[in-house]
Amino acid sequence: MKDTLTNNSFKDHYCETYPSPLFSHRSYFLVLFIVALLSPPLVLAISPFDDHNDKNSKAFSRPSLSTSDPKNPLQASSPSSSVSDRNHTRIMQMDSNPQTSSEELDKVCIIGSGNWGSAISVLVGRNCQRYDHFETNVNMWVYEEQIPMPDGSTQKLTEVINEQHENVKYLPGVTLPTNIHAVPDLADACRGATLLIFVLPHQFLPKLLPTIRESAHPNCRGVSLIKGLDFDKDTKLPVLISQSIAQAMGPEFQCGVLMGANVATEVASGQMCESTLASNFGPPADELTRLVFDSPTFRVQHVSDVAGAEVCGALKNVIALGAGFIDALGMGGNTKAALLRVGLKEMSKFCRMFFEGVKDQTFTESCGMADLITTCYGGRNRKCAEAFAKERMANDEANRENVSPQGNPMDDCDGAASSPDYSFMKDTECEKKWAKVESALLNGQKLQGTLTAEEVKIVLESRGLLPAFPLMKTIYEIAFNGRPVPQIVEGIVIADGTEPSHL
């Protein structure tokens, strides 16, 4: 049987987390019940959840008493008599669950089925089975591929997932919930969805969003798990991917983000971790959205700072490239700790320069410092950067001799080792090396740190701000201009006279 926000599981969970005498006074419940029969609005007015000096006031946010739209799954509606046999508590009477009419439950769709998309589907699938304000079945859009089978034949990836309940290509060895349905047609996957979870490389979004908009529920909302940034080619300014999604989906669409120290395989295997949901859907949608992801081993905190959380999720991948360079050099924890400290300061500076309303506390949430630490020790960007740097260093000696008659290095990513000027190198040569590493190590997945590093460099350079970000500048030059890998330590410094200011 599913859990509901209106039954004892909610009471047990929140009372254990936020101790209060609320559920210990049966006489008080009796009074509330009598008053509720006479005047339900009065129950809202005197509810102990409005306690102004304890944690219960933050444990659950209630919707306003405005008239609800029965066609809008994000607005509250009246409790349905069809569920009157359940163990309703005062929360049902407060109408805090927008799905209480049971006419239109939240319908969840996961857009993307790679390593992280498949891992998050484990949590989403279980929670949609557990809570009765979500439809049980969850569609997961899968880019169709042919998968080699042990008998030498091939089978469609969607068929494998639906029959074996395992994404054998991107998350092998992990059993997906049976209510996760792989759907190859994007329109079919999104049809009628009220909550869209975006978890795919952001470069594919522009082609997909028109179809998603046409198929999803007109009052849907979204959560992006994509760690990257968009950039306006005309203004040379960074743009939040959540903002790009919202603009493409329509004026009423809102998109939050889920960011944190979350290595996909560890999440899928049930190892304890934290994550940060940043959204401004308002009550009760923020809490309902948090519950889609939250579990005892995946502990989700909610914040309102979407920009801070999202930019941290993007920039930490750039810093992770530097961590990979350090690992390739065989340097230890001291050097990497210094890189993390300087990297976090540059991330904070970038956020404040280009986005308003960024909060200090965001950088101490899972989406900030914790995600940076995890990525710099175990993420794919670090792994690929280490392999890239080792290959470059192995070729450095040969490339020092590969010099043109004019005394300049030849057109190769490794060729700038003997030159103090790294700006003339052709990015295409380095990009080929990155593509080679990506293909060898990521099994079809995409590297985000290199894309973000290139785009951040364009933004900073267009405003003469590169000197204010010595670490990101050095990482870019090693990654794309052939700067010697050992010079990564020269970028681990704090630039003088570069206090954050909003542009």
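Reader: Which residues lie nearest the centre of the largest pocket?

Author: This is a predicted model. Nearest the centre of the largest pocket lie Asn115, Trp116, Arg380, Gln445 and Lys446. They belong to a lining of 43 residues. The pocket holds about 1,200 Å³ of space.

Reader: Which elements give two or more residues to that lining?

Author: They are α6 (115-130), α11 (264-268), α13 (306-328), α15 (366-378) and α16 (380-400). The most comes from α15, which gives four residues.

Reader: How do the lining residues of the largest pocket divide into nonpolar, polar and charged?

Author: There are 17 nonpolar, 18 polar and eight charged residues.

Reader: Now the cavities. How many of 30 Å³ or more does a search of the whole structure find?

Author: Three. The second largest cavity has about 40 Å³ of space. Its lining includes Val318, Leu460, Met472 and Tyr476. Two elements, α18 (449-462) and α19 (470-480), give two or more residues to this lining. The most comes from α18, with four.

Reader: What is the make-up of the lining of the second largest cavity, in nonpolar, polar and charged residues?

Author: Seven are nonpolar, none is polar and two are charged.

Reader: On to the rings. How are Phe325 and Phe388 judged as an aromatic pair?

Author: Take the distance between centres, then the angle between planes. Rings pair if their centres lie within 6.5 Å; planes under 30 degrees apart are stacked, over 60 edge-to-face, and the rest tilted. Here the centres are 6.4 Å apart and the planes stand at 40 degrees, so the pair is tilted. Phe325 is in helix α13 and Phe388 in helix α16, 63 residues apart, so to speak a link between distant parts of the chain. Both residues are buried. Ring pairs also bring in Trp434, making a cluster with Phe325 and Phe388.

Reader: Where do Tyr476 and Phe480 lie?

Author: Both are in helix α19, four residues apart, about one turn of the helix. Their rings form a tilted pair, 5.3 Å centre to centre with 35 degrees between the planes. Both are buried. Tyr476 also helps line the second largest cavity. In total, the count of aromatic pairs is six.

Reader: Which ring does the charged end of Lys336 sit over?

Author: The ring of Tyr377, 4.3 Å from its centre. Likewise, the charged end of Arg221 sits over the ring of Phe281, 5.8 Å from the centre.

Reader: Last, the cysteines. Is Cys220 buried or exposed?

Author: Buried means under 20% relative accessible area. Cys220 has 6%, so Cys220 counts as buried. Cys273 is buried too, at 11%.

Reader: How many disulfides are there?

Author: Zero. For Cys220, the nearest cysteine sulfur is that of Cys190, 8.7 Å away.

Definitions and conventions:
Residues are numbered from 1 along each chain as its sequence is written. This is a predicted model: local features need pLDDT of at least 70, side-chain atom pairs count only at pLDDT 80 or more; totals for chains, interfaces and linings use all residues. Side-chain values use heavy atoms; hydrogens and water are left out. A disulfide is a pair of cysteine sulfur atoms within 2.5 Å. Buried means under 20% relative accessible area, exposed over 50%, partly exposed in between (1.4 Å probe, protein chains only). On a 1 Å grid over the protein atoms alone, a cavity is a set of points where a 1.4 Å probe fits but cannot get out, and a pocket is an open set with protein on both sides within 12 Å along at least five of seven lines; lining residues have an atom within 4 Å of a point. Grid points are joined across faces, edges and corners, and a volume is the space filled by probe spheres set on the points. Ala, Val, Leu, Ile, Met, Phe, Trp, Tyr, Cys and Pro count as nonpolar, Asp, Glu, Lys and Arg as charged, and the others, Gly among them, as polar. A charge sits over a ring if NZ of Lys or CZ of Arg is within 6 Å of the ring centre and within 35 degrees of the ring normal.
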